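Here is a short report on one protein model. It follows charged pairs, strands, helices and the core.

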Amino acid sequence: MRLSLVRFARLNPSVKELRLHLCQTGEESKGVREFVNTRYVQLKRDNPSLPILVRECSGVQPRLWARYELGKEKSVTLTNATAEDISKHIETLGKGN
């Protein structure tokens, strides 16, 4: 098994919150569960003041939400996404609105 150190750039200050929605057992959420287990700590370490919420619900479609200033939100589906795909989505959404 190859270990890689993932560094997340500091996300744009206009990002006020990240939310990950996933199913605890669904195959389509496997990559999200892997992301939470392997990369969440580093993301939080690189962005200590950013609220990052992980919401689990049976049967839910995996999705990433970013909330910006003035309540504006953007989301992207994470169905069958890998942990690497999710990191790229966070970097894209983290650039701001």
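Arg19 is buried, because its relative accessible area is 14%, under the 20% cut-off for burial. The model is a predicted one. Arg19 has a charged partner: its side chain meets that of Glu73 in a salt bridge, 3.2 Å from N to O. Glu73 lies in strand S4 and Arg19 in strand S1, so this pair ties together parts 54 residues apart in sequence. Unlike a buried residue, Glu73 counts as partly exposed, at 35% relative accessibility.

**Salt bridges**

Side chains of opposite charge can pair when their charged atoms come close. The count here comes to four salt bridges. Another of them joins Arg67 and Glu17, with the closest N and O atoms 3.8 Å apart. This pair also links distant parts of the chain: Arg67 sits in strand S3, Glu17 in strand S1, and 50 residues separate them. Glu17 is buried, with a relative accessible area of 13%. Arg67 is partly exposed at 27%.

A further salt bridge connects Arg39 and Glu84, the closest N and O atoms being 3.2 Å apart. Arg39 lies in the loop between H1 and H2, and Glu84 in helix H3, so parts 45 residues apart in sequence are tied together. Arg39 is buried at 11% relative accessible area. Glu84 is partly exposed at 38%. Elsewhere, salt bridges that share partners join Glu17, Arg19, Arg67 and Glu73 into one network.

The table sets out three of these pairs.

| Salt bridge | Closest N to O distance |
|---|---|
| Arg67 and Glu17 | 3.8 Å |
| Glu73 and Arg19 | 3.2 Å |
| Arg39 and Glu84 | 3.2 Å |

**The strands**

Now to strand S1, residues 15–22. Six of its eight residues are buried, so S1 is largely enclosed by the rest of the structure. S1 pairs with S3 and with S2. Six bridges join S1 to S3, and the two run antiparallel. In that pairing, Leu20 has Leu64 as its bridge partner in S3. Glu17 stands opposite Arg67 in S3, and these two residues also form a salt bridge. Five bridges join S1 to strand S2 (residues 52–56), and here the strands run parallel. The bridge partner of Arg19 in S2 is Leu53.

Which residues of S3 are buried, and which are not? In a regular strand the side chains alternate between the two faces of the sheet. S3 shows such an alternation: Leu64, Ala66 and Tyr68 point to one face and are buried. Arg63, Trp65 and Arg67 point to the other face and are not buried.

S3 also pairs with S4, in the antiparallel sense, over five bridges. There Arg67 stands opposite Glu73. The hairpin of S3 and S4 has four residues between the strands. In this hairpin, Leu70 takes a positive phi near 60°.

**The helices**

Helix H1 spans residues 30–38. Its buried residues are Gly31, Val32 and Phe35. Seen down the axis of H1, they fall within an arc of 100°, so they line one face of the helix. Asn37 and Thr38, on the other side of H1, are exposed. The buried residues of H1 pack against S1, H2 and H3.

Helix H3 runs over residues 83–93, and its buried residues are Ala83, Ile86, Ser87, Ile90 and Leu93. Down the axis of H3, these fall within an arc of 135°, so they too line one face of their helix. What covers them? The cover includes strands S1, S3 and S4, along with helices H1 and H2.

Ser87 deserves a separate look. This residue of helix H3 is buried, with a relative accessible area of 6%. A polar contact of 2.8 Å joins its side chain to that of Arg39. Arg39 thus appears twice in this report, as it also forms the salt bridge with Glu84.

**The core**

Which residues have the most contacts inside the largest nonpolar core? They are Leu18, Leu64, Leu78, Ile86 and Ile90, in a core of 20 residues. S1, H1, S3 and H3 each supply at least two residues of this core. Two of the residues named, Ile86 and Ile90, are also on the list of buried residues of H3. Leu64 belongs to the buried face of S3.

Key. Residues numbered from 1 in each chain as written. Predicted model: local features only at pLDDT ≥ 70, side-chain atom pairs only at ≥ 80, totals over all residues. Heavy atoms only, no water. Buried < 20%, exposed > 50% of the residue type's maximum accessible area, 1.4 Å probe, protein only. Arc of directions from axis to C-beta. Contact = heavy atoms within 4.5 Å. Pairing = 2+ DSSP bridges. Core = buried A, V, L, I, M, F, W, Y, C linked by side-chain atoms within 4.5 Å. Polar contact = N/O pair within 3.5 Å; in protein donor to acceptor, adjacent residues only side chain to side chain.
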